[in-house]
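Work through the exercises below with the model open. Try each task before reading its solution.

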Amino acid sequence: MRRIFVGLIALIFTSCSTSFGPYRTVPMAPGEDVKEHVKTGKKYMIATQGRYATTAGKKMMELGGNAMDAAAAVSFVISVERPQSTGIGGGGFLLYWQPGMDEPMAYDFREKAPLLGHPKMFLDKKGNEIARKSLDGIFAGGVPGLVAGVIEAHEKYGKLPLATVIEPAIELADKGFPVYPELAKALKYKADTLAKFPASKKIFFKKTRKGYVVLEEGDTLFQKDLAKTLRAIQKNGRDGFYKGWVAKAIVDEERKRGGLIRMNDLRRYNVKKRRPVSGTYKGHEIFSMSPPSSGGIHVIQILNTLEPLNLGHYGIQDARTIHYTASAMQQAFADRARYLGDADFVKVPIKELISKEYAAKIRARIPKDRALTKEEVMPGKFEGYESPETTHFTIMDAEGHVVSSTQTINGYFGSSLVIPGTGIVLNNEMDDFATKVGAKNLFGAVGGKNNLVESEKRPLSSMSPTIVLKNKRPVMALGTPSGTRILTCVAQTLMNYLEHKEPLLNSVAAVRYHQQWYPDELGVGEFGLKKEEEDKLRKMGYKIRHKNLGCRIQAISVEDGKLIGVSDPRGQGMADGE
Ligand code: DON
């Protein structure tokens, strides 16, 4: 049994960054209770970024449901509980595993560009990007996929009726809940943009003697219109969203504001069942999301690059470990910018990028004693090849069913636009396309030709819901929000657990770092790493910048027949099970 409780004690007794053994971990987020973030169970385990969401998942299990019933309930409740992060106006990916499968099934319910979408839709006549057009308001929204995806996966693998799994979300939207610190922060941050849209203002603002002000911590957030929309879905399934009065409300708003989504886009929205990308790491099989996500490919590429280096000998935050890992990340992002996009539209050299041979070439180019500059790192060349706010939850049960799903509306409150009468916050996923070649998205990721907007194409993602198996039994499953950092946070957590053999809690709570080629800097989370290791890295040429990397890993592992759930101590969340 890994030493899970040692890390737990370190977290309980510290309120600032702590050195745990030879490396640093983070403290609990203010107001969060460590006992809600780390749990051990025997029958099932659920780790999400919301108390109501985890509680709804548990309720489904108590009603005789399975992991997919819990996943559907969690998806709908988290949409209500974290309107800053996800929602039925967004999309996502979900990996599902059950015993007897050859490999997990990957559900792609990513948003799509509207039929009228085209590569120049975010440019002015001179070919310059129009500021914030892909980020705020009607144009920023892709055709939402979340409702279709959750319903399709649930229909196939769930046991309980849709009406049952959606009920907790309807109740929460109707009865409301107190605004918690993370939500209050997001509301304050986006208040000016939300205020531009009357239907957004109606939900997220309150009337005071001084006029309308954004809701604050402790105020109650009611989402009555959203409850109505959820009831339409409860009654009519996917048609409750993609046809009927909800669809009409969406298209009316699109037309009124000059947006491009039409009835046909909604009717044609299709969930894609995909094969996940897969790799191996020291006897484990790693499965993660395939394109249109870049996440899985690069998680596997980074792990392949590091595997033969046996970094476990150095320790998780040793300067040598960080140097090799950061160099592997840097290369992954150079390849992401060059090659990645929706593989239904462009050719992505997936096999080559996740091959051990390519990883060996990358490794051979990493100098032992210094950082590579961004100019030195070039995308790989592949013979025969022609020509990057969210939420994650993980659920596992004792029989070996696993759900790992990342869902999003992209930035805080997506496009900030609520579709009048529906409570739906429209995503701003169109910003994940390259608005033009070389342009950077919200997360600073460089966009390439393969990721330009095309009619019905899906924007490139970094979301990396991941499942790890050994001898066809689940070992671990995880994922996180946070844009381009998603794939490096998932890769590091996998390395901390599988290579460095740290307890799951420590693997999640360890201070993280991130290198994404452009900008040429090593982002180091929270309060930084130990000074002596940072000094060594600076001497090697790393430009270290302490910054919030934003990831909130939700992970579950299986150890000695027990299920261990960890909801990242950095933020709101809850792991619970039985
Ligand atoms: O698909 C992606 O990679 C992004 N739209 C995810 C956005 C995200 O994680 C924001 N979270 N904090």
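**Rings, charges and a ligand**

Lys 156 lies over the face of Tyr 157, 5.7 Å from the ring centre. This is a predicted model: local features need pLDDT of at least 70, side-chain atom pairs count only at pLDDT 80 or more, and totals for chains, interfaces and linings use all residues. Residues are numbered from 1 along each chain as its sequence is written, and side-chain values use heavy atoms, without hydrogens and water.

**Exercise 1.** Find the ring under the charged end of Arg 238.

*Solution.* Apply the criterion: NZ of Lys or CZ of Arg within 6 Å of the ring centre and within 35 degrees of the ring normal. The ring belongs to Tyr 242, its centre 4.6 Å away.

**Exercise 2.** Classify the aromatic pair of Phe 177 and Tyr 180.

*Solution.* Rings of Phe, Tyr and Trp (its six-membered ring) pair if their centres lie within 6.5 Å; planes under 30 degrees apart are stacked, over 60 edge-to-face, the rest tilted. The structure holds nine aromatic pairs. In this one the centres are 6.4 Å apart and the planes 20° apart, making it stacked. Now add Tyr 52: it forms one aromatic cluster with Phe 177 and Tyr 180.

**Exercise 3.** Which polar contacts hold distances to the ligand from Glu 429, Ser 482 and Gly 483?

*Solution.* A polar contact is a pair of N or O atoms within 3.5 Å. Start with Glu 429: a side-chain N or O atom is 2.6 Å from a ligand nitrogen. Next, a backbone N or O atom of Ser 482 is 2.9 Å from a ligand oxygen. Last, a backbone N or O atom of Gly 483 is 2.7 Å from a ligand oxygen.

Terms used:
A polar contact is a pair of N or O atoms within 3.5 Å; within protein, one must be able to donate a hydrogen and the other to accept it, and residues adjacent in sequence count only if both atoms are side-chain atoms.
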